[in-house]
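Here are my notes on the model you sent over, set out as numbered points. I hope they are handy to have beside you at the bench.

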Amino acid sequence: MQDLRGESYNALLLQLQHDEPFFRSFETWEEVIAHMRRGAFRDPAKDEILRPLLRAHRDDQNPRWRAVLLAIFWPALVSIHWQKRRWDADIDERWQNVTWIFL
């Protein structure tokens with residue numbers, strides 16, 4: 001999360017704010033992430049964030065977009081990790097598999 005406060009990540013947020021009016025209501029990535037973690041999982045308003053993020057990642061393949069997405073989905077990944085203990089007995093191997101599948 002600390003890295004998301006850096007200049008390179010702020011530049012990504014500024015890019016989205018320029019291109020997507022919905023992002024103008026957020027000053028930091030922490031605010032974006034907090035918005036995504038509130039409310040129902042299937043809240044259609046969350047698509048207002050995910051669509052532009054995924055589109056930006058598709059367009060420029062900047063690995064920083066993956067870091068933002070990873071931060072957004074971190075609680076879900078932790079949940080999957082613990083639910084799937086039978087996948088891999090080795091905790092490091094399981095984390096690697098969960099993260100790889102996500103990415």
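1. Let me start with Phe23. Setting aside residues up to four places away in sequence, Phe23 touches Leu13, Leu16, Gln17, Trp29, Val32, Glu48, Ile49, Pro52 and Leu53. Please keep in mind that this is a predicted model, so each value below is computed from predicted coordinates.

2. Phe23 also matters for the next topic, the core. The largest nonpolar core has 20 residues, and Phe23, Trp29 and Leu53 are the ones that touch the most other members. Helix 1, helix 2, helix 3 and helix 4 are the elements that give two or more residues to this core. Helix 4 gives the most, with five residues. As background, nonpolar side chains in soluble globular proteins tend to be buried together.

3. Leu13, one of the contacts of Phe23, deserves its own look. Leu13 sits in helix 1, which covers residues 7-19. Its relative accessible area is 2%, so Leu13 is buried. Beyond its neighbours within four places in sequence, Leu13 is in contact with Phe23, Phe26, Glu27, Thr28, Trp29 and Val32. Leu13 and Leu53 are 40 residues apart along the chain, and 9.7 Å separates their C-alpha atoms.

4. Now a step back to the whole chain. How many helices and strands does the protein chain have? The secondary structure comes to five helices and zero strands, and the order from the N terminus is α-α-α-α-α. Taken along the principal axes, the C-alpha atoms fill a box of roughly 45 × 30 × 25 Å. The chain has 103 residues, of which 30% count as buried. Looking at contacts between residues at least 6 apart in sequence, 40% join residues at least 24 apart. The exposed area of the chain is about 7,000 Å², and carbon and sulfur atoms supply 54% of it.

5. Lys46 is one I would click on. Is Lys46 buried or exposed? With a relative accessibility of 7%, Lys46 counts as buried, because the cut-off for that word is under 20%. Lys46 lies in the loop between helix 2 (29-37) and helix 3 (47-60). A polar atom of the Lys46 side chain is 2.9 Å from the backbone oxygen of Arg38. Leaving out residues up to four places away in sequence, Lys46 touches His35, Met36, Arg37, Arg38, Gly39, Ala40 and Phe41.

6. On to charged pairs. The count of salt bridges comes to four. One of them joins the side chains of Glu20 and Arg55, at 3.0 Å from N to O. Glu20 belongs to the loop between helix 1 and helix 2, while Arg55 is in helix 3, so this pair ties together parts that are 35 residues apart in sequence. Glu20 is partly exposed, with a relative accessible area of 22%, and Arg55 is partly exposed too, at 33%. In general, side chains of opposite charge can pair when their charged atoms come close.

7. Helix 3 also holds a salt bridge between the side chains of Arg51 and Asp47, with an N to O distance of 3.6 Å. These residues are four apart in helix 3, which means that about one helical turn separates them. Arg51 counts as partly exposed at 46% relative accessibility, and Asp47 is partly exposed at 33%. A further salt bridge is formed by the side chains of Arg58 and Asp59, at 3.1 Å from N to O. Both Arg58 and Asp59 are exposed.

8. One backbone angle is worth a look. Gln61 is a residue other than glycine with a positive phi, near 55°. Gln61 is found in the loop between helix 3 and helix 4. At 44% relative accessibility, Gln61 counts as partly exposed.

9. Last, the surface. Which residues make the nonpolar surface patch of about 490 Å²? The patch is made by Ile80, Trp87, Trp100 and Ile101. Of these, Ile80 lies in helix 4, which spans residues 63-83. Ile80 counts as partly exposed, with a relative accessibility of 34%.

Definitions and conventions: Residues are numbered from 1 along each chain as its sequence is written. This is a predicted model: local features need pLDDT of at least 70, side-chain atom pairs count only at pLDDT 80 or more; totals for chains, interfaces and linings use all residues. Side-chain values use heavy atoms; hydrogens and water are left out. Patches are made of residues with over 30% relative accessible area and no salt bridge: like charges are joined within 9 Å, nonpolar side chains (Val, Leu, Ile, Met, Phe, Trp, Tyr) within 5 Å. Accessible areas come from the Shrake-Rupley method with a 1.4 Å probe; for residues, only the protein chains shown count as cover. Buried means under 20% relative accessible area, exposed over 50%, partly exposed in between (1.4 Å probe, protein chains only). Contact means heavy atoms within 4.5 Å. A polar contact is a pair of N or O atoms within 3.5 Å; within protein, one must be able to donate a hydrogen and the other to accept it, and residues adjacent in sequence count only if both atoms are side-chain atoms. A nonpolar core is a set of buried Ala, Val, Leu, Ile, Met, Phe, Trp, Tyr and Cys residues joined through side-chain atoms within 4.5 Å.
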